[in-house]
Each structure stands twice: as structure tokens, then as C-alpha cells.
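Here are my notes on the empty space and the helix packing in this model. Please read them with the structure open.

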Amino acid sequence: MISTEDKQRYKAYQKQIQHEKYIVIGWQILIFISFFGLWEIASRLHWIDPLLFSSPSRIIELIWARIQQGTLLNHVWVTVIETLIGFLIGTVGGIMLATGLWFSNKISQITNPYLVVLNAMPKVALGPIIIVAFGPSYFAIIAMGAMVSIIITTLVVYAGFREVDVNYETVLKSFGATRWQVFKEAIFPATFPTMISTFKVNVGLSWVGVIVGEFLVSKQGLGFLIIYGFQVFDFTLVMASLLLIAIFAVFMYIAVEKLESWLIQHRTDS
């Protein structure tokens, strides 16, 4: 039986956790408001060049005007879809490649130096090659988004597979388990948190890859608007596009966190 004193301590602990959460959220809101408020004031008082850095009010006016014209949402939709597809391909593909490497130690030893070199190589430099290979289309942009994240996902997840305690595999093999059963019952569940953590990393990497791809080839999307804004010296359009990228990246990150919580809870319940 849980005593009344223990219940009170638990309630006090919950209140403390909730209080700390409110403090963190309060500081986040304060920093957010202070940043944009200072930006607006600095622009109006010409502490910064308003032509180059624009201002929050001008950015909001531009976004609202473009929404009313019906020219903005299509660009946003294109970039978000490309990013989501690139994110899924990069994440799932990386996990599958890591799984293949774990099943074949010889292949992993052969390919390890090449994976390290590919990870170190600037992916932007491969952009023209990808455009030639896939053509100036959405496939090239999605390929850029996936390529930026797939190698690092493979390396991180495979390292997680190798860090699992060898005793788990030894015990299962002593009961006659196959290599697939060892992977399914021990390796994969033990590395599950590592795989989930790569989701958050790949959110940012996918956005980087897609925007770079749009810089090179696209005629639609937020990356295209950034390049177009630079070409016509419309820096308000550039800043508005960057702000929209940041907003949707945050939404995507929150969605990944929700997915992480659901997967962990589902795994615990099962």
C-alpha cells in the first residue's frame, strides 16, 4: 500500500516538474518576443539597414499579401512535401542500410571507409551531379534531401547496433536463435532510442538538402523564393522565406517528438 505521505510527495514532485515546465515555456516566449521586438525597433530606428534586414512587420505584410494573391501557399506546399519525402527516404533508407551492414560483417568492414568519406564530403558539391542524373525535376531535389541524411543515419544506427551488449546475442544463440531472431529480439529493440534520435537530426538535414536542391534547380518552393529575392534585391521576400522555413521546421520537429513519444509508449505497452 502506498502511504498518504508518499502520495503527497509524488504530488509535490509533479507540481515541481509542472512549475519548471512553465518556467521554461515562459523564458522561450520571452526570448521570442524580445528577439522580434528588438528586430522591429532596430529596423525602424535604423540601427540596422532596413533594406537588407527588413523588419517583422514588413515580413508579415508581405506574407499576408502573397497569401491573398495565392502565390505563396503553393511554394510552401512544394517545399514541405519535398522535405517530408526526403526525410522519410533518408531515415528509412539509412536504417535499412545499417541493418544490412549488421547482417554482414565483411561488407561493413569493406564499406566503412567509403561511408566515412561520403559523410565527410560536402553534399552540396554533388548537387550538379544529382541534377544531371535525375534531371532538373522534383526527383533531384528529393534526392538531395535524402542524400544529406541517409549516410549519417546509416553510420549512427550501425554504431548503435554494434554497441549492444554482446551477452544478449550470446544468450539467444545458446537457445538456438537465428541471426534474424537475434536482431529482432535483442539488437533492434536495444537500438530503438538511437534510431528515434536520428529522426530529430534528420529534420534539419532534410530541410538543408531540399533548400539547396531548390537553389540549384527549382522553379517553385521556398528555396526558389530566396534565390529570386536575392536576384531582384527583395530582401523582405528572402527573410519571409527564411522565417517560413523556420516555422515549418519547428512544426516538423514537434511532430517528430510526438511520434517519438507514441513509439516509445507503444513499445513499452507491447
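**Helix crossings, pockets and a cavity**

1. Start with α5 and α7. Their crossing is left-handed. This is a predicted model. The two axes come within 10 Å and cross at roughly 135°. α5 and α7 are therefore oblique to each other. On the α5 side, S108, L115, L118 and N119 make the contact. On the α7 side, I151, I152, T154, L155 and Y158 make it. By class, the contact of α5 with α7 has six nonpolar residues, three polar ones and no charged ones.

2. Next, α6 against α7. Helix α6 covers residues 127-134. The axes of α6 and α7 come within 9 Å, with a crossing angle of roughly 135°. That angle makes α6 oblique to α7, because it lies outside the ranges for roughly parallel, roughly perpendicular and roughly antiparallel. The crossing of α6 and α7 is right-handed. G127, I130, I131 and F134 come from α6. F139, A140, A143, M144 and M147 come from α7. Eight residues of the contact of α6 with α7 are nonpolar, one is polar and none is charged.

3. Then α7 against α9. Their axes come within 6 Å and cross at roughly 155°. An angle over 145 degrees counts as roughly antiparallel, so α7 and α9 are roughly antiparallel to each other. α7 passes α9 in a right-handed crossing. The contact of α7 with α9 holds 14 nonpolar, 11 polar and one charged residues.

4. Now the largest pocket. How much space lies in the largest pocket? The volume is about 250 Å³. The lining has 19 residues. Closest to the pocket centre are W102, N105, S108, Y158 and R162. Two of these names deserve a second look. S108 of α5 and Y158 of α7 also belong to the contact between those two helices.

5. Which elements build that lining? α4 (73-103), α5 (105-120), α7 (138-162), α8 (166-174) and α9 (179-217) each supply at least two residues to the largest pocket. α5 gives the most, with six residues. As for class, nine lining residues of the largest pocket are nonpolar, six are polar and four are charged. Please keep the charged ones in view when you inspect the lining of the largest pocket, where there are four.

6. The second largest pocket comes next. About 160 Å³ of space lies in it. L84, F87, L88, T91, V92 and F199 are part of its lining. So are M252, A255, V256, L259 and L263. α4 and α11 (235-269) each supply at least two residues of this lining. How do the residues of this lining divide by class? Ten are nonpolar, in figures 10, with one polar and no charged. Set the two pockets side by side: the largest pocket has four charged residues in its lining, and the second largest pocket has no charged ones. α4 is listed for the largest pocket and also for the second largest pocket.

7. Last, the enclosed space. Rolling a probe the size of a water molecule over the atoms shows where empty space is left. How many cavities of 30 Å³ or more does a search of the whole structure find? The search finds one. About 40 Å³ of space lies in the largest cavity. L62, I63, R66, L72, L225, L237, A240, S241 and L244 line it. α3 (56-69) and α11 are the elements that give two or more residues to this lining.

8. A closing point on the largest cavity. α11 gives the most to its lining, with four residues. Seven lining residues of the largest cavity are nonpolar, one is polar and one is charged. R66 is among the residues that line the largest cavity. S241 is another of them. α11 also supplies at least two residues to the second largest pocket.

Terms used: Residues are numbered from 1 along each chain as its sequence is written. This is a predicted model: local features need pLDDT of at least 70, side-chain atom pairs count only at pLDDT 80 or more; totals for chains, interfaces and linings use all residues. Side-chain values use heavy atoms; hydrogens and water are left out. On a 1 Å grid over the protein atoms alone, a cavity is a set of points where a 1.4 Å probe fits but cannot get out, and a pocket is an open set with protein on both sides within 12 Å along at least five of seven lines; lining residues have an atom within 4 Å of a point. Grid points are joined across faces, edges and corners, and a volume is the space filled by probe spheres set on the points. Ala, Val, Leu, Ile, Met, Phe, Trp, Tyr, Cys and Pro count as nonpolar, Asp, Glu, Lys and Arg as charged, and the others, Gly among them, as polar. Axes are lines fitted to C-alpha atoms, for helices over the stretch in contact, and angles run from 0 to 180 degrees between N-to-C directions. Angles under 35 degrees count as roughly parallel, over 145 as roughly antiparallel, 65 to 115 as roughly perpendicular and the rest as oblique. A crossing is left-handed if the near helix is turned anticlockwise from the far one by less than a right angle, and right-handed if clockwise. Contact means heavy atoms within 4.5 Å.
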